[in-house]
Amino acid sequence: MKEIIGTLRGVPGGSAVRPAVFLFCLSVHIALAGLDRYSELVVADSAETKRRPEAVRVTYLGVNGYQFEANGRALLADPYFTRAGLAAVALQQPIEPDRARIAFGLQHIRPSVDAVLVTHAHFDHLLDVPEIMRRTNARLVSGATAVNLTMSCGLPRTDCLIVQPGSIRVIGPWQIRALPATHDRILGWLPFRGTKTRPGTCPEKASDWCLGEPMAFLIEANGKRIYIDSGGTHEVLPPTQIAPVDLAILGVALPDSRKRFRAAIDRLRPKYVLPSHQDDFFAPAEGGFVFGKLTDFPAVAHPFRRHEINSHLILLDYFRPWTIP
């Protein structure tokens, strides 16, 4: 596979072909499985759990999407419900938000949202955000590329906050700090790289949702501290100054992320660790959680099972809220 991508670099039009090769690789990898075999790691509030306003509650929305709740308010990160098909993405066909699937996803979150955090501007993080902002009256908090793409789809600049690493914003009960991050590579290739320096036409193909400026976030509310990223490389790790955190949500979709997983945990010293971005984001959420084709959760869980990490490994299922102890 590496040789194929390397050859394409020297072929006219090769840069357009590489995304299809990358996604073909996804389609032929390992057999998939759900969460059943890891049920002892899945946490969720029971039906009897009382909702305390001062508590901080987390709901997994699929892919790298989350709702955080505190004081009757909500904050979203990377919400994506459309689940564009593999063929459409690989063949660079037009993709657009699926309003029915967005409506299905929004049934599981609060009708009004303070803000949407976006870790980077790829389609599986940003495609649905303009429509979700319209329906929930949320503001966007992200890098410049994500803001420009969102404005390209008709959202006003006044609804968007551009942040960069080091920025701190307070919105409702949330203190949000932007932190540096990188994006995983696949066989040395950085998918859909590029930036958007000004608004234009709304993106049509998956590759139009270019990477932009990757970042992570530290979210604080009611004394709880949550770190979230969507993956990355060993070259950029979470800053040690923000440790310890109550919950570390760490993307593990690709080998780069899994290589830096242990080092990121060592930096963050979290009470709970939630591996993220490891479901099959080409499959509808209605079908239930299925591990993605390039993920390797046994490898992620291995050091925890050997008691090498002094943190609690947890998993969340779709739309089942969990209150951080």
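In which sense do strand β10 and β11 pair, and over how many bridges? They pair in the parallel sense, over 3 bridges, with β10 covering residues 224-228. The structure is a predicted model, and the report starts from this strand pair.

**Strand β11 and its partners**

Within the pairing of β10 and β11, Ile-226 stands opposite Leu-247 in β11. On the other pairing, β11 and strand β12 (residues 272-276) also run in the parallel sense, joined over 5 bridges. There Ala-248 is placed opposite Val-273 in β12.

Strand β11 spans residues 247-251, and 5 of its 5 residues are buried, so the strand is largely enclosed by the rest of the structure. The cover extends to both faces: Leu-247, Ile-249 and Gly-251 are buried on one side, and Ala-248 and Leu-250 are buried on the other.

Two residues of β11, Leu-250 and Gly-251, are among the contacts of Arg-260. Arg-260 belongs to helix α8 (residues 255-268). Is Arg-260 buried or exposed? Its relative accessibility is 2%, so Arg-260 counts as buried, the cut-off being under 20%. Other residues that Arg-260 touches include Tyr-227, Asp-229, Thr-233, His-234, Val-236, Leu-237 and Pro-238, as well as Gly-231 and Gly-232.

**The open sheet of 7 strands**

An open sheet of 7 strands shows mixed pairing and the order β6-β5-β4-β3-β2-β1-β14. Its edges are β6 (160-162) and β14 (322-323); each has a single partner strand, so one side of each lacks a neighbour in the sheet. Inside the order, strand β3 (residues 73-77) pairs with strand β4 (residues 115-117) in the parallel sense, over 3 bridges. In this pair Leu-76 stands opposite Val-116 in β4. Helix α6 packs on the sheet and touches β3, β4, β5 (139-142) and β6, while its direction makes about 140 degrees with that of β5.

Strand β6, at one edge, contains Leu-161. Leu-161 has a relative accessible area of 17% and is therefore buried. Beyond its sequence neighbours up to four places away, Leu-161 touches Arg-139, Leu-140, Val-141, Ser-142, Val-147, Arg-169 and Ile-171.

**Helix α6 and its contact with α4**

How many of the 8 residues of α6 are buried? The count is 6, and the helix is mostly covered. The buried residues are Val-129, Pro-130, Glu-131, Ile-132, Met-133 and Thr-136. Just after the helix, Asn-137 has a positive phi of about 60 degrees.

Helix α4 (residues 99-106) packs against α6 (residues 129-136) at an angle of about 55 degrees, and the axes are 11 Å apart. That angle makes α4 oblique to α6. The crossing of α4 past α6 is right-handed. From α4, the residues Arg-99, Ile-102, Ala-103 and Leu-106 meet Glu-131, Ile-132, Arg-135 and Thr-136 of α6. The contact is made up of 4 nonpolar, 1 polar and 3 charged residues.

**Strands β7, β8 and β9**

Strand β7 (residues 168-171) and strand β8 (residues 174-180) run antiparallel and are joined by 4 bridges. Ile-171 has Trp-174 in β8 as its bridge partner. The hairpin of these strands has 2 residues between them, and Gly-172 takes a positive phi near 60 degrees. Ile-171 is also one of the residues touched by Leu-161.

Ala-216 is placed in strand β9 (residues 215-221). What makes Ala-216 count as buried? Its relative accessibility is 0%, which puts Ala-216 in the buried class. Leaving aside neighbours within four places in sequence, Ala-216 is in contact with Arg-177, Ala-178, Leu-179, Pro-180, Ala-181, Tyr-227, Ile-228 and Asp-229. Tyr-227 and Asp-229 also appear among the contacts of Arg-260.

**C-alpha separations**

The table lists two residue pairs, one with Ala-216 and one with Leu-161.

| Residue pair | Separation along the chain | C-alpha distance |
|---|---|---|
| Ala-216 and Leu-117 | 99 residues | 9.4 Å |
| Leu-161 and Ala-144 | 17 residues | 8.6 Å |

Note on methods
Residues are numbered from 1 along each chain as its sequence is written. This is a predicted model: local features need pLDDT of at least 70, side-chain atom pairs count only at pLDDT 80 or more; totals for chains, interfaces and linings use all residues. Side-chain values use heavy atoms; hydrogens and water are left out. Axes are lines fitted to C-alpha atoms, for helices over the stretch in contact, and angles run from 0 to 180 degrees between N-to-C directions. Angles under 35 degrees count as roughly parallel, over 145 as roughly antiparallel, 65 to 115 as roughly perpendicular and the rest as oblique. A crossing is left-handed if the near helix is turned anticlockwise from the far one by less than a right angle, and right-handed if clockwise. Contact means heavy atoms within 4.5 Å. Ala, Val, Leu, Ile, Met, Phe, Trp, Tyr, Cys and Pro count as nonpolar, Asp, Glu, Lys and Arg as charged, and the others, Gly among them, as polar. Buried means under 20% relative accessible area, exposed over 50%, partly exposed in between (1.4 Å probe, protein chains only). Two strands pair if DSSP finds at least two bridges between them.
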